[in-house]
Structure formats: structure tokens, C-alpha cells
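Visitor: Please take one part of this model and look at it closely, working outward from there to whatever it connects with. Plain description will do.

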Amino acid sequence: MFGKPPSGCVVYDNFDSMEREDGVQQPLPSEQVMSEVHLGCPPNHSGPHLSHFTISLPPRYENSTLRGNIDAVEDISISASTMLDLDEDGDLILTRRKKSPSHHLVLTIQHNITSSIPRVGLQVWRAELVLTDFVLHVMSTSSDFDKVVALELGAGTGLVGILLARVAKTVFITDHGDEVLENCEKNVDLNAEIFHGKASVHVRELDWKNSWPPQEENTAPSKGRYCWTQSEIEELKKASLLLAADVIYSDDLTDAFFSILKKLMLDNPEKVLYLAMEKRYNFTLDDLDVVANGYSHFRSYLITEQDDAGCKQLDGASKPLFVGEQIDLRYIPCYVLNYNRGDDVELWKIKLNHRALF
């Protein structure tokens with residue numbers, strides 16, 4: 001997985017251990033990390049774990065066929081013509097009005113509770129849940145995501161792309177490494193019943209450090225089940241929506257991320273990326289302080305619309321290649337239940353800066 005960070009999580013080293021249910025301390029391999037989302041999961045569980053994420057469906061879905069297997073319970077009332085039932089003492093038995101259930105959707109996600117840093121895509125991270133909230137909010141308040149072709153970058157468990165498949169035409173869920181991709185594919189299979197009937201969902205490998213698009217000789221089925229076909233590459237050019245969560249951590253990966261983003265957006269300059277990220281704070285000797293260096297590097301790639309309007313005199317080479325707009329999370333309801341957003345997660349809308357291209 002690209003970019004899922006060790007900060008903002010519980011970190012274990014050679015001297016740490018996890019307590020089993022019987023109270024015995026169980027040592028962990030070195031450099032294991034645990035997302036805060038997984039606190040409360042069985043601490044002695046070392047392999048894949050199934051979690052059920054409950055999502056409160058907003059009003060649009062309460063009267064929609066997209067609710068899947070969720071059925072509303074009709075109110076039951078008694079009329080004068082209804083046959084009355086009496087108990088053994090002759091008292092009237094009243095038929096009580098049944099409460100309508102709260103409409104919700106449950107996603108089953110397989111994930112690891114801990115992982116090494118290179119395999120953190122096997123876990124669920126807080127920004128992934130924030131992006132899930134945002135996607136569901138757009139799906140419930142507009143038709144902007146209906147029938148789109150979409151790409152999720154650094155998808156990890158695939159939760160966001162899986163939810164989007166309720167309305168999208170095609171969703172490409174991408175990451176790097178067979179173990180992460182196999183786990184993601186498992187989650188697609190576990191939740192396939194919630195997809196829009198005609199939706200196509202593809203789990204594909206996308207290494208940000210490799211060339212794009214891949215060479216034709218690398219798109220043959222013999223190269224592996226996560227390789228792209230030529231028809232898929234052509235369809236991806238039509239994509240209007242890109243999604244990513246918690247992919248900003250190291251400067252090297254941030255550079256690779258924006259490099260592949262440029263290539264993808266040049267295919268269709270109207271593409272929009274929605275990126276959720278958590279600021280990563282670390283103590284540095286250079287600053288002698290706790291700073292968000294990774295965040296500063298991320299922001300160096302962006303110019304806001306206000307900044308762009310104020311520096312028209314600069315030539316294209318002097319301007320960042322992307323325009324960013326931060327989305328106020330106070331206006332995005334929490335549809336995913338039982339998690340804490342914290343104060344350091346941000347959501348950005350990012351587009352290609354056309355002024356910088358010329």
C-alpha cells in the first residue's frame with residue numbers, strides 16, 4: 001500500500017507485546033503498527049480480521065431501490081372494521097405500532113489489526129472513513145457520482161471504491177503488491193451484493209513509480225490477474241472522478257503520487273481528485289519541534305484558487321501544477337458510525353492547474 005503512515009497509530013517495537021485474552025503477553029514482530037481505527041479489535045488476533053462497518057443511510061436512500069436488502073416497516077393501525085382480539089380475561093389486545101428501523105448499510109471489510117509499515121494497506125485508516133462519509137454525502141445529495149467512471153488510488157482495503165460502486169458505472173480500485181490487492185479483492189467479493197446492478201468493479205495494480213500507461217506487452221492476462229487490459233486503459237481515460245485517502249506520508253511517495261496524478265489528469269483535464277489525509281506530526285532535529293513536514297511538502301504541490309487569481313503575472317513554470325480547495329468537514333455528516341474523526345484530517349478537492357500548462 002502506498003503511503004499509509006505509522007504516525008497517528010499505535011507503534012510496537014521489539015520490546016512491545018500485545019495482551020491475549022488469557023492475560024499472557026504475546027510478543028509482536030518488530031516495527032508493527034496499528035491504526036487507531038482498530039483499537040478495540042481482538043488484541044491477540046494476528047491474521048485477517050472481519051469488521052462490520054455500519055453506515056447510516058441518508059434520506060435519499062430511504063426511498064430508493066439502492067437500499068439493497070433494507071426494507072421499511074409499515075405502520076400498523078387498528079380501524080373500526082378490524083376484528084378485535086381479547087385475552088383470557090376479556091381484555092382488549094391492542095396491536096402496537098411497530099417502529100420503523102433506522103435505515104443502515106453494513107459493509108464487511110477484511111483487514112489486519114496490525115501490520116508492518118510496508119503492508120499498512122491491509123489496515124483501515126481514519127481518513128479512509130472520512131472520505132467514505134464524503135462520498136456517501138455526495139451520493140445522497142446529488143447525482144454527481146451517478147454512472148461515473150472512477151479510480152481509487154492507494155485503495156488499501158477498498159472500502160471507498162466499494163461504496164461508490166452503488167452508483168458508479170465503473171470503479172477501478174488500485175494499489176500495489178499482491179497481498180494488499182488480494183485482500184482488496186476479497187472485500188469486493190464480500191460486498192458485491194450492494195453494488196449497482198450494472199456496475200463494473202476492477203481491482204488493479206497501479207505502482208506510482210512505474211510508467212503510465214503500461215506498455216502493451218505488460219497488459220496481457222499472463223502477466224497476472226491484477227494487470228490492466230488495453231480496453232480498461234482506454235476506459236480509464238474517460239474517468240472523471242479520482243479518490244485517495246491517507247496516501248500522503250513520506251516525501252518520496254508524495255512526489256510519486258503527484259507524478260502519476262499528472263499523467264492521469266492530462267488524459268482528461270476535467271478530472272477531479274478528492275483526497276482525504278491526516279496531518280502527520282513528527283519531531284525533527286532541524287526544527288527542534290513537532291512539525292508536519294509531510295504536510296508542508298504536500299501543500300507545495302498545490303495553489304488555492306484565491307492564490308491563483310492573485311498571481312496571474314507569474315509564468316506557468318513558476319506555478320504549482322494543481323489547484324486545491326479544502327472542503328469544510330463541518331458540513332459533511334458522519335454516516336460511518338462509531339469512529340472519531342479527530343482534529344487533523346483534511347479533505348481536498350484537487351484539479352489540474354490549466355494556467356501552469358501553458
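Guide: Asparagine 338 sits in the loop that links β18 (322-327) to β19. The model is a predicted one. Asparagine 338 is not a glycine, yet its phi is positive, at about 65 degrees. Most residues other than glycine have a negative phi. With a relative accessibility of 80%, asparagine 338 is classed as exposed, because the cut-off for that class is over 50%.

The loop leads into strand β19, which covers residues 345-352 and pairs with β14 in the antiparallel sense through six bridges. Within that pairing, leucine 347 of β19 stands opposite alanine 276.

Strand β14 spans residues 272-278, and seven of its seven residues are buried. In a regular strand, side chains alternate between the two faces of the sheet. Here both faces are covered: one side carries Val272, Tyr274, Ala276 and Glu278, and the other carries Leu273, Leu275 and Met277, all of them buried. β14 also pairs with strand β13 (residues 241-245); these two run parallel and are joined by five bridges. Leucine 242 has leucine 273 of β14 as its bridge partner. Between β13 and β14 the chain passes through helix α6 (residues 251-267), and the resulting β-α-β crossover is right-handed.

Tyr274 brings β14 into the interior packing. The largest nonpolar core has 51 residues, and those touching the most other members are Leu131, Phe134, Phe145, Leu164 and Tyr274. Helix α2 makes the biggest contribution to this core, with nine residues. Leaving aside residues up to four places away in sequence, leucine 131 touches Val160, Leu243, Ala244, Ala245, Tyr274, Ala276 and Leu347. Ala276 and Leu347 are the pair already met across β14 and β19. A second core, separate from this one, holds 34 residues, Trp212, Ala239, Ala256 and Leu261 among them.

Now the helix itself. α2 has 16 residues and spans 23 Å between its first and last C-alpha, close to the expected 22 Å. Because 15 of its 16 residues are buried, α2 is largely enclosed by the rest of the structure.

A charged-type side chain can be followed there too: glutamate 128 belongs to α2, which runs over residues 126-141. Glutamate 128 has a relative accessibility of 2%, so it counts as buried. Its side chain makes a polar contact of 2.7 Å with the side chain of threonine 157. Beyond residues up to four places away in sequence, glutamate 128 touches Gln123, Ala155, Thr157, Gly158, Leu159, Val160 and Ala245. Val160 and Ala245 also appear in the list for leucine 131.

After α2 comes a loop to β10 (149-153), and lysine 147 is in it. Like asparagine 338, which has a positive phi, lysine 147 has a positive value, near 60 degrees, without being a glycine. Lysine 147 is exposed as well, at 69% relative accessibility.

Two other loop sites remain. Tryptophan 212, a member of the second core, is joined to proline 213 by a cis peptide bond with omega about -5 degrees. Most peptide bonds are trans. Proline 213 is in the loop between β12 and α5 (230-236). Glycine 197 lies in the loop from α4 (178-190) to β12 (200-205), and its relative accessible area of 77% makes it exposed. Its C-alpha is 9.4 Å from that of lysine 169, although 28 residues of chain separate the two.

Key:
Residues are numbered from 1 along each chain as its sequence is written. This is a predicted model: local features need pLDDT of at least 70, side-chain atom pairs count only at pLDDT 80 or more; totals for chains, interfaces and linings use all residues. Side-chain values use heavy atoms; hydrogens and water are left out. Helices (H or I, at least four residues) and strands (E, at least two) are DSSP runs, numbered from the N terminus. Buried means under 20% relative accessible area, exposed over 50%, partly exposed in between (1.4 Å probe, protein chains only). A polar contact is a pair of N or O atoms within 3.5 Å; within protein, one must be able to donate a hydrogen and the other to accept it, and residues adjacent in sequence count only if both atoms are side-chain atoms. Contact means heavy atoms within 4.5 Å. Two strands pair if DSSP finds at least two bridges between them. A crossover is right-handed if, with the strands pointing away from the viewer, the path from the first strand over the helix to the second runs clockwise. The expected span of a helix is 1.5 Å times one less than its number of residues. A nonpolar core is a set of buried Ala, Val, Leu, Ile, Met, Phe, Trp, Tyr and Cys residues joined through side-chain atoms within 4.5 Å.
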